[in-house]
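Work through the exercises below with the model open. Each task is followed by a stepwise solution.

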Amino acid sequence: ECEASSNTLSLQRLLYFVQPTARSMALLRSVATACSQHAGGAALDALYNLAVSFVGSPDEKHVLAFLLGRAAEPVLDVMAMWIGTGVIDDPFHEFFVLHQPGYAGSGLDHKTWEMRYTVNPSNVPVFLQPFVESVLRAGKYLSVLRDCGVDTQAALRDAQNALADSDPAIARLDHPR
């Protein structure tokens with residue numbers, strides 16, 4: 001601004017000043033382009049693939065890692081609830097475990113067990129693929145416990161409290177100074 005008002009700003013100098021911003025904007029354009037046609041796990045895959053294949057400055061890689069981490073939070077939150085309580089709270093249907101409501105309350109036979117919760121492969125982010133079956137199974141087991149009358153959320157809280165009581169370092173994780 002000072003250089004512009006004192007008539008010392010040249011086109012070359014202006015280019016020097018806007019180059020870092022132009023690189024950041026180009027990076028964000030790449031992210032928007034890669035993710036624009038996708039949702040859920042497919043959007044995370046697009047962002048992950050961009051981050052893995054990106055050749056650029058460490059700062060730009062840091063931005064991509066930050067964006068991927070923030071974009072993955074909703075899916076990871078739904079997954080944490082699923083493997084912690086057997087409940088899926090996924091209002092936008094982006095989680096890779098699908099609840100088939102037609103099988104709810106129809107007993108605990110084999111078909112119900114297999115069909116009530118299934119995997120939607122198009123919503124599985126590539127970085128979670130090795131864990132899909134374990135995540136599915138953990139939530140299914142807790143869902144069965146819920147169907148049998150066990151309060152899985154209370155059980156999870158009790159387990160967390162017992163663990164925190166047994167190790168003060170864990171208690172500090174939940175209540176940092």
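**Exercise 1.** How many salt bridges does a search of the whole structure find? Locate the residues involved.

*Solution.* This is a predicted model. The search of the whole structure gives one salt bridge. Its partners are Glu73 and Arg70, with the closest N and O atoms 3.5 Å apart. That satisfies the cut-off of 4 Å. Next, place the pair: Glu73 and Arg70 are three residues apart in helix 4, so about one helical turn separates them.

**Exercise 2.** Describe how helix 4 packs with helix 6.

*Solution.* Start with the ranges: helix 4 covers residues 58-85 and helix 6 residues 132-147. Their axes lie 6 Å apart, at an angle of about 50°. Helix 4 is therefore oblique to helix 6. Now list the contacts. Helix 4 contributes Met79, Trp82, Ile83, Gly84 and Thr85. Helix 6 contributes Val135, Leu136, Ala138, Gly139, Lys140, Leu142 and Arg146. Finally, classify them: seven are nonpolar, three polar and two charged.

**Exercise 3.** Which residues make the nonpolar surface patch of about 700 Å²?

*Solution.* The patch is made by Leu9, Leu11, Leu14, Leu15, Tyr16, Phe17 and Val18. One of these, Leu15, lies in helix 2, which spans residues 11-35.

Note on methods. Residues numbered from 1 in each chain as written. Predicted model: local features only at pLDDT ≥ 70, side-chain atom pairs only at ≥ 80, totals over all residues. Heavy atoms only, no water. Axes fitted to C-alpha atoms, helices over the stretch in contact; angles between N-to-C directions. Helix = DSSP H or I, 4+ residues; strand = E, 2+ residues; numbered from the N terminus. Parallel < 35°, antiparallel > 145°, perpendicular 65-115°, else oblique. Contact = heavy atoms within 4.5 Å. Nonpolar A, V, L, I, M, F, W, Y, C, P; charged D, E, K, R; others polar. Patch = residues over 30% accessible without salt bridge, like charges linked within 9 Å, V, L, I, M, F, W, Y side chains within 5 Å. Areas by Shrake-Rupley, 256 points an atom, 1.4 Å probe, with all protein chains shown as cover. Salt bridge = Lys/Arg side-chain N within 4 Å of Asp/Glu carboxyl O.
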